[in-house]
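Good morning, everyone. Please have the viewer open, and follow along as I go.

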Amino acid sequence: MQKRIFALTVLIVLAVSTAQADTIHVDAANCPGPGDGSELDPYCSIQTAIDNAVDTDEIVVASGIYFETIDFLGKAITVRSADGPEVTTIDGTGFFHVVQCASDEGRDTVLDGFTITGGDGSGLPYPDNAGGGMAMFESGPTVTNCTFSGNAAWAGGGIFSDGGSPTVTNCTFSLNSADYAGGGMFSDGGSPTVTNCTFIGNTAAVTGGGMSNFHSCPTVTDCIFTGNSAGGGAGGGMYNDGEIPVVTNCTFIENSADVGGGMSNDLSDPTVTNCTFVGNSARLGGGMINYGGSCPTVTNCTFSENTASSVGGGMNTGSGDTPTVINCILWGDSPDEFFGTGTVAYSNIQGGWPGTGNIDAAPMFVDPDNSDFRLQTGSPGIDAGHNWAIAGITDTDLDGNPRFAADRIDFDPGCGIPVVVDMGAYEYQGEPFPVKLGDIDGDGIVGIVDFLALLAGWGPCVEQCCLADLDLDGKVGIVDFLTLLANWDSRP
Ligand SMILES: [Ca+2]
Ligand SMILES: [Ca+2]
Ligand SMILES: [Ca+2]
């Protein structure tokens with residue numbers, strides 16, 4: 001009987017919550033309104049619709065320009081444009097926070113399909129000066145299909161996120177500015193997820209023209225940073241201070257700063273994978289600079305045509321920093337490719353660099369003059385990397401193609417069985433074959449044979465290609481054993 005009452009209660013609750021979900025309409029053409037939110041008599045203002053919405057409601061905004069600032073007020077609602085950001089604009093007309101989430105909003109609070117412009121918080125006291133286009137305080141809303149353009153602030157010209165973990169996808173940040181940090185986007189703490197976004201022509205006076213991350217762990221994937229500037233400061237494309245940002249499949253093109261034209265890492269250990277750094281410029285570290293004790297892991301990245309007016313055209317690293325650069329190509333940077341210390345392995349460095357598996361040979365890019373840094377047939381970078389550097393991080397390249405593909409015609413000088421990863425951001429597409437971290441004999445299974453191979457190789461790596469060294473620390477030991485166990489798999 002109790003079960004039936006419970007089931008009935010669940011049904012009633014479901015029915016009530018379903019009945020509450022509503023579609024509320026907004027149309028600037030119905031101004032001055034005020035309207036009632038129905039399709040026939042829409043509200044004139046988005047904020048009026050939010051004021052009258054409850055959780056799970058959807059607010060549909062007709063095309064037009066909305067001169068207002070909006071606050072989600074902690075509601076788990078979707079505010080979306082009917083016809084996209086090209087024809088639907090929220091213009092803050094010089095006020096700060098065109099959009100605000102400051103009431104513990106979560107991922108079910110959604111902003112979808114607007115151009116956000118005209119926000120200006122510069123010159124105001126904190127927190128009004130944070131987030132010209134959108135401010136998030138301890139909030140993690142979803143922002144998708146939006147264009148943040150022409151907003152200004154002290155920090156976070158386009159978006160400011162403090163302590164939250166917002167999800168930002170398919171957005172464009174253009175021509176936003178920050179008096180201090182994060183022209184396009186600023187995050188302080190939290191773990192924002194930023195996917196498939198473009199940062200173009202944003203500026204910051206001190207750090208992070210495109211994006212500035214302070215003690216934050218953002219996951220940045222499939223993003224483009226181009227033409228951003230940090231003026232006389234650090235990190236034209238991206239600035240990372242502390243923590244471990246994860247940057248995958250991103251391109252940094254023609255960004256500029258005093259230090260770190262493409263990326264600047266200050267006591268930060270980002271994981272940077274499948275990225276290209278091209279044509280960035282700075283005084284120190286045209287492509288990337290590491291300082292303050294940074295230990296970035298840079299894997300399968302391509303650096304070319306970056307410029308430093310002093311040293312470190314491709315990458316500049318301070319004496320206390322220990323970057324790990326594996327499976328990368330640094331070629332055609334000026335005045336040099338790599339300046340400083342660190343572990344460089346299985347990489348193609350123009351002019352040469354000490355390290356296991358490194359080469360110094362023209363990489364044979366397909367068409368660098370037209371920004372095509374894929375590898376031509378016969379390139380020395382094909383099959384010349386180390387599989388374990390990338391296995392477990394991603395199994396695709398910057399194009400989304402299989403990361404593990406073998407050119408059977410060419411000799412494989414790299415390290416892996418049975419197919420070897422290429423150097424650089426793009427994999428030459430020969431025969432694809434899935435590779436698993438820990439599958440030392442390449443039979444498709446991480447199992448007893450691999451375990452025995454690991455035991456047989458126990459101790460310091462004496463060979464160039466030490467396949468049992470799964471964490472690439474130069475020896476086969478307990479970490480490799482545990483890694484193999486973690487990947488143990490009986491399925492082919
Ligand atoms: Ca390959
Ligand atoms: Ca195996
Ligand atoms: Ca090891």
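I will start with confidence, then take the domains, the sheets, the helix pair and a few backbone oddities.

First, a caution. This is a predicted model. So how far can we trust it? The average pLDDT of the chain is 93. At least 70 is reached by 95% of the residues. Now look at residues 1–19. There the pLDDT is below 50. Beyond near neighbours in sequence, that stretch makes one contact in the model. Where pLDDT is low, predicted coordinates should not be read in detail. We move on.

Next, the domains. Which parts does the assignment give? Domain 1 covers 20–369, and domain 2 covers 448–486. Their centres, taken over C-alpha atoms, are 38 Å apart.

Now the sheets. One open sheet has twelve strands, with parallel pairing. Trace the order with me: 3-6-9-12-16-20-24-27-30-34-38-41. Where are its edges? They are strand 3, at 64–67, and strand 41, at 348–349. Each of those two pairs on one side only.

Let's zoom in on one pair inside that sheet. Strand 9 is residues 115–117, and strand 12 is residues 147–149. They pair in the parallel sense, over three bridges. What stands opposite threonine 115? Threonine 147, in strand 12.

Here is another open sheet, this one of three strands. The order is 13-17-21, and the pairing is parallel. Strand 13 (152–155) and strand 21 (203–204) are the edge strands, each pairing on one side only. Strand 17 spans residues 177–181. Three bridges join strand 13 to strand 17, and the two run parallel. Opposite alanine 153 you find alanine 178, in strand 17.

On to the helix pair. Two packed helices are described by the angle and the distance between their axes. Our pair is helix 4, residues 448–456, and helix 5, residues 478–486. Their axes come within 11 Å. They cross at roughly 175°. Roughly parallel or roughly antiparallel? An angle over 145 degrees counts as roughly antiparallel, so helix 4 and helix 5 are roughly antiparallel to each other.

Which residues meet there? Helix 4 brings Asp450, Phe451 and Leu454. Helix 5 brings Asp480, Phe481 and Leu484. By class, the contact has four nonpolar residues, two charged ones and no polar ones.

Last, the backbone oddities. Most residues other than glycine have a negative phi, and most peptide bonds are trans. Here are some exceptions. The peptide bond from cysteine 31 to proline 32 is cis, with omega near 10°. Then look at glycine 33 to proline 34. That bond is cis too, again with omega near 10°. Where is proline 32? In the loop between strand 1 (23–26) and helix 2 (46–51). Proline 34 also lies in the loop between strand 1 and helix 2.

One more stop: threonine 93. This residue is not a glycine, yet its phi is positive, about 45°. Find threonine 93 in the loop between strand 6 (88–91) and strand 7 (99–101).

That is my tour. Thank you.

Note on methods. Residues are numbered from 1 along each chain as its sequence is written. Chains are lettered from A and ligands numbered from 1 in the order in which they are written. This is a predicted model: local features need pLDDT of at least 70, side-chain atom pairs count only at pLDDT 80 or more; totals for chains, interfaces and linings use all residues. Axes are lines fitted to C-alpha atoms, for helices over the stretch in contact, and angles run from 0 to 180 degrees between N-to-C directions. Helices (H or I, at least four residues) and strands (E, at least two) are DSSP runs, numbered from the N terminus. Angles under 35 degrees count as roughly parallel, over 145 as roughly antiparallel, 65 to 115 as roughly perpendicular and the rest as oblique. Two residues are in contact if their C-beta atoms, placed from the backbone, lie within 7 Å. Ala, Val, Leu, Ile, Met, Phe, Trp, Tyr, Cys and Pro count as nonpolar, Asp, Glu, Lys and Arg as charged, and the others, Gly among them, as polar. Two strands pair if DSSP finds at least two bridges between them. Domain bounds come from an automatic or database domain assignment. pLDDT is the predictor's confidence in each residue, from 0 to 100.
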